[in-house]
Amino acid sequence: DGLCANGTVVDCWAPTVTEGMSSIQEWAQCGNRDCIKLVDPDIELSLAEKEVEEQMNLGIVLVGAGVGATVLAAVIYFCCCRPKVDEVAEPSYSSSVVKNDV
């Protein structure tokens, strides 16, 4: 079962200018030189652009969440977890006398 029934007339697309294109097969994503597209290239382009936009939005959200989590962790540490200055124990010193009996 193919894409179209035998004898069906469909719209198709072929490049009007091939200058600067490395290969027709690359443009059409098919294996033969005379390949033409049965899917409108503008539709493929708009789908690709939509996918890129969604990925960019996801990236922005993830970067924002990472920055927010870092700021929140810093606030929690500096406000709640870090020992206060008056809670830090003062070092104790003791004096000792050393006798040297020779």
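**Contacts, surface and side-chain pairs**

Of the contacts in the protein with a separation of 6 or more, 39% come from residues 24 or more positions apart. That figure, like the rest here, comes from a predicted model. As for secondary structure, the tally is quick: two helices and zero strands. The helices are α1, covering 24-28, and α2, covering 41-81.

Not much of this chain is tucked away: buried residues account for 4% of the 102 residues in the protein. The exposed area comes to about 9400 Å², and 58% of it is supplied by carbon and sulfur atoms.

One piece of that surface is a nonpolar patch of about 410 Å². Its members are Val10, Leu38, Val39, Ile43 and Leu47. Leu38 sits in the loop between α1 and α2. With a relative accessibility of 39%, Leu38 counts as partly exposed, because that label covers values between 20% and 50%.

Next come the aromatic rings. The structure holds one aromatic pair, and the partners are Tyr77 and Phe78. Their ring centres lie 5.1 Å apart, with 75° between the planes. That angle makes the pair edge-to-face, because the planes are over 60 degrees apart. Both partners fall in the middle class of accessibility: Tyr77 is partly exposed at 42%, and Phe78 is partly exposed at 47%.

What about the cysteines? The disulfide count comes to zero. Cys79 is in no disulfide, and the nearest cysteine sulfur to its own, that of Cys80, is 5.8 Å away. Cys80 is likewise in no disulfide, its nearest cysteine sulfur being that of Cys79, again at 5.8 Å. The pair fails to qualify because a disulfide needs sulfur atoms within 2.5 Å. On the accessibility side, Cys79 counts as exposed because its relative accessibility is 51%, with the cut-off for that class at over 50%. Cys80 is exposed too, with a relative accessible area of 59%.

Terms used
Residues are numbered from 1 along each chain as its sequence is written. This is a predicted model: local features need pLDDT of at least 70, side-chain atom pairs count only at pLDDT 80 or more; totals for chains, interfaces and linings use all residues. Side-chain values use heavy atoms; hydrogens and water are left out. Patches are made of residues with over 30% relative accessible area and no salt bridge: like charges are joined within 9 Å, nonpolar side chains (Val, Leu, Ile, Met, Phe, Trp, Tyr) within 5 Å. Accessible areas come from the Shrake-Rupley method with a 1.4 Å probe; for residues, only the protein chains shown count as cover. A salt bridge is a side-chain nitrogen of Lys or Arg within 4 Å of a carboxyl oxygen of Asp or Glu. Helices (H or I, at least four residues) and strands (E, at least two) are DSSP runs, numbered from the N terminus. Buried means under 20% relative accessible area, exposed over 50%, partly exposed in between (1.4 Å probe, protein chains only). Contact means heavy atoms within 4.5 Å. Rings of Phe, Tyr and Trp (its six-membered ring) pair if their centres lie within 6.5 Å; planes under 30 degrees apart count as stacked, over 60 as edge-to-face and the rest as tilted.
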